[in-house]
There are 2 protein chains.
Amino acid sequence: MKRRLLLVSNSTLHGAGGYLGHCQQQIQEFFGEQVKRILFVPYALHDRDSYAKTAREKLQSLGYEVDSIHEAVDPVEAVRKAQGIFIGGGNTFRLLKTLYDNKLVSEIQKRVLQDGIPYMGSSAGTNVATVSINTTNDMPIVYPPTLTAMGLVPFNINPHYLDTNPDSKHMGETREQRIRQYHEEPDAPSVLGLREGSMLLVEGNRATLLGSTKARLFSRGKPATEHEPGSDLSFLLTDGV
Amino acid sequence: MKRRLLLVSNSTLHGAGGYLGHCQQQIQEFFGEQVKRILFVPYALHDRDSYAKTAREKLQSLGYEVDSIHEAVDPVEAVRKAQGIFIGGGNTFRLLKTLYDNKLVSEIQKRVLQDGIPYMGSSAGTNVATVSINTTNDMPIVYPPTLTAMGLVPFNINPHYLDTNPDSKHMGETREQRIRQYHEEPDAPSVLGLREGSMLLVEGNRATLLGSTKARLFSRGKPATEHEPGSDLSFLLTDGV
Ligand SMILES: [Ca+2]
Ligand SMILES: [Ca+2]
């Protein structure tokens with residue numbers, strides 16, 4: 001399998017140089033020098049023009065030209081011609097619905113899994129790359145036709161993973177409780193909690209945790225496990241974990 | 001309209017006497033002495049037996065017998081015979097899906113809006129009483145057939161409303177940002193942010209904020225407004241706010 005993915009927890013890290021600042025080195029290593037133009041997907045935010053401007057400025061500073069899919073006459077054709085794809089964060093429900101509305105899900109799957117073009121996602125763009133958006137943190141502001149996502153990996157991710165604050169007086173569910181509730185449902189796949197600052201690099205059947213923070217892995221009926229930056233997480237790519 | 005609703009933000013308030021402790025006086029005033037038995041709906045949590053036990057113990061201490069709908073042979077029939085209903089919190093997606101799966105949505109609407117039996121909801125049980133669950137905080141662990149809910153009031157509620165923490169280094173969206181994103185969508189109704197400790201009492205066409213905390217109201221294209229406990233919020237019951 002040719003698959004190449006860079007799945008980032010968050011696009012902006014507190015105190016780490018603004019938009020995509022904390023992962024710019026990984027972005028350059030990921031897209032490399034062969035990719036000249038990146039297709040940006042701004043669907044997760046309402047103001048697509050402004051979002052595309054932000055992404056374009058940052059990626060240009062790293063040496064890449066950016067085409068925003070919302071400016072393309074034919075979005076499917078834009079995916080067919082893309083050298084690499086970056087889907088940004090925002091609201092995951094809005095993003096997934098728009099991908100289905102524009103008939104892009106199967107097209108992106110084909111380009112990434114068959115043609116091997118590099119796919120980068122951040123936050124919501126990471127959620128839609130997994131099995132389903134069942135473990136997004138976002139508010140369901142719109143109703144997508146399904147929660148099933150692109151399935152570029154056979155597990156789910158919880159971006160912006162947040163540890164339980166023992167001093168909190170707030171009584172809403174903790175992040176861990178929410179993921180445990182997901183695992184009360186039958187057939188729910190494993191969930192990788194990516195703390196802010198971490199990202200997962202997938203190259204073929206090899207997965208490596210990158211960045212500055214640990215990740216927490218939840219599997220149905222098992223205790224959670226912690227994984228240091230640099231860890232080999234390739235075992236997650238085996239179906240049915 | 002006979003409607004009588006007690007829509008509570010949260011079932012447990014930090015430091016306020018355990019499950020339903022902070023609202024027990026309002027519960028007794030709401031169900032009064034005519035209601036002898038309350039039908040409890042535990043669908044939002046996985047362990048329904050344990051949840052029903054918790055609710056039964058608390059409501060018995062306030063003078064009410066409890067029938068849990070998950071123990072009924074015919075849930076629709078249980079709603080038809082109920083003197084009053086209490087839907088507890090947990091996961092809003094799981095709750096709404098189960099209400100639809102068991103064909104209870106229209107039956108509860110009828111009993112509450114036509115027959116005037118009292119309806120109490122807490123957290124997820126409050127979300128499903130509103131126009132839609134678009135403003136739940138919960139993780140979408142299952143896929144309900146729609147996000148449209150029971151529409152016992154013509155607006156939405158965000159339970160466990162949480163103010164933005166200016167010291168937070170976390171980059172996920174704040175609660176206010178999430179609700180603002182909802183209002184970027186066309187036709188999104190107003191959203192009442194009920195902080196923990198607050199609840200809304202609806203009697204016919206009169207709505208009153210009760211409890212110990214203020215509520216924050218969001219309407220599309222308008223600045224948010226703050227409302228003190230005791231405020232008359234009846235204007236929210238006019239359609240199209
Ligand atoms: Ca988001
Ligand atoms: Ca909940």
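## A tour of the interface between chains A and B

Across the interface of chain A and chain B, six salt bridges are found. The model in the viewer is predicted, and every value quoted along this tour is computed from it.

**First stop: one salt bridge.** Select B:Asp138 together with A:Arg178. These two residues form a salt bridge across the chains, with 3.6 Å between the closest N and O atoms. Polar contacts may be displayed next: 23 residue pairs, both members at pLDDT 80 or more, are in polar contact across the interface of chain A and chain B.

**Second stop: the side of chain A that touches chain B.** Select residues 92-101, 156-161 and 175-182 of chain A. These are helix 4, strand 6 and helix 7, and each supplies at least two residues of the side that touches chain B. Which of the elements of chain A gives the most to this side? Helix 7 does, with five residues. Colouring this side of chain A by residue class gives 16 nonpolar, 15 polar and nine charged residues.

**Third stop: the whole contact.** Now select the contact residues of both chains: 40 come from chain A and 40 from chain B. The area buried between the two chains is about 3,500 Å², and carbon and sulfur atoms give 57% of this area.

**Fourth stop: the relation of the copies.** Superpose chain A on chain B. A turn of 180° with a shift of 0.0 Å along the axis lays chain A on chain B with an RMSD of 0.0 Å. The two copies are thus related as by a two-fold rotation axis. Through which surface do the copies meet? Because 100% of the interface residues of chain A are also interface residues in chain B, the copies meet through the same surface.

**Last stop: an aromatic pair within chain B.** Over all chains, the count of aromatic pairs comes to 11. For one of them, select B:Phe40 and B:Phe86, whose rings form a tilted pair, 5.3 Å from centre to centre and with 45° between the planes. B:Phe40 belongs to strand 2 of chain B (residues 37-41) and B:Phe86 to strand 4 of chain B (residues 85-87); the pair therefore offers a view of a link between distant parts of the chain, 46 residues apart.

Note on methods:
Residues are numbered from 1 along each chain as its sequence is written. Chains are lettered from A and ligands numbered from 1 in the order in which they are written. This is a predicted model: local features need pLDDT of at least 70, side-chain atom pairs count only at pLDDT 80 or more; totals for chains, interfaces and linings use all residues. Side-chain values use heavy atoms; hydrogens and water are left out. Contact means heavy atoms within 4.5 Å. Buried area is the accessible area (1.4 Å probe) that two parts lose on being put together, summed over both. A salt bridge is a side-chain nitrogen of Lys or Arg within 4 Å of a carboxyl oxygen of Asp or Glu. A polar contact is a pair of N or O atoms within 3.5 Å; within protein, one must be able to donate a hydrogen and the other to accept it, and residues adjacent in sequence count only if both atoms are side-chain atoms. Helices (H or I, at least four residues) and strands (E, at least two) are DSSP runs, numbered from the N terminus. Ala, Val, Leu, Ile, Met, Phe, Trp, Tyr, Cys and Pro count as nonpolar, Asp, Glu, Lys and Arg as charged, and the others, Gly among them, as polar. Copies are superposed by least squares on the C-alpha atoms of residues with pLDDT of at least 70 in both. Rings of Phe, Tyr and Trp (its six-membered ring) pair if their centres lie within 6.5 Å; planes under 30 degrees apart count as stacked, over 60 as edge-to-face and the rest as tilted.
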